[in-house]
Amino acid sequence: MHRIPIAILGVCLLSSVALSAENVTKAADARWPQFRGPSGLADAGNQEIPSEFGPDKNLLWRIDLPAGHSSPCIWGNHLFLTGYRDRDLVMLAIDRRDGSVLWQRTVQSE
């Protein structure tokens with residue numbers, strides 16, 4: 001008697017898990033959280049990449065950045081990176097869509 005409602009509940013739960021996994025996968029595609037990417041293998045997955053690039057080719061935007069050696073991290077529409085101005089450490093959050101600086105924090109050296 002209770003098998004049909006339990007079966008329907010099971011199907012609903014499995015469907016919601018599958019949809020959640022699909023949404024997580026799509027969101028993960030917009031993440032590059034560490035040096036050499038999500039898995040550390042420098043693999044962009046199925047994303048198309050330009051075959052040519054340079055100062056005037058396949059350029060979305062350009063901004064001046066402080067000098068530094070950090071690996072940029074991407075999380076959704078945010079690009080995070082660090083650099084140095086004089087001897088101070090600077091962390092920037094940049095909008096990936098237009099290159100605008102969303103915020104920056106400075107840690108002064110001693």
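**Exercises on a predicted chain**

D86 counts as exposed, at 79% relative accessibility. Exposed means over 50% relative accessible area, buried under 20%, and partly exposed in between, with a 1.4 Å probe and protein chains only.

This is a predicted model, in which local features need pLDDT of at least 70, side-chain atom pairs count only at pLDDT 80 or more, and totals for chains, interfaces and linings use all residues. Residues are numbered from 1 along each chain as its sequence is written, and side-chain values use heavy atoms, without hydrogens and water.

**Exercise 1.** Place D86 and N58 in the chain, and give the phi of each.

*Solution.*
1. D86 sits in the loop between strand 3 (78-85) and strand 4. Strands are DSSP runs of E with at least two residues, helices are runs of H or I with at least four, and both are numbered from the N terminus.
2. Phi of D86 is near 55°, positive although D86 is not a glycine.
3. N58 belongs to the loop between strand 1 (31-32) and strand 2 (73-75). Its phi is near 50°, again positive in a residue other than glycine.
4. N58 is exposed, at a relative accessible area of 57%.

**Exercise 2.** Give the order of elements, then describe how strand 4 and strand 5 pair.

*Solution.*
1. The protein chain has one helix and five strands. From the N terminus the order is α-β-β-β-β-β.
2. Strand 4 (residues 88-95) pairs with strand 5 (residues 101-107) in the antiparallel sense, over six bridges. Pairing requires at least two DSSP bridges between the strands.
3. A93 has W103 of strand 5 as its bridge partner.
4. The two strands form a hairpin with five residues between them. In the turn, G99 has a positive phi of about 80°.

**Exercise 3.** What share of the 110 residues is buried, and what share of the exposed area do carbon and sulfur supply?

*Solution.*
1. Buried residues come to 10% of the 110 residues in the protein chain.
2. The chain exposes about 9,200 Å², computed by the Shrake-Rupley method with a 1.4 Å probe. Carbon and sulfur atoms supply 59% of that area.
3. Now turn to contacts, defined as heavy atoms within 4.5 Å. Among those between residues at least 6 apart in sequence, 27% join residues at least 24 apart.
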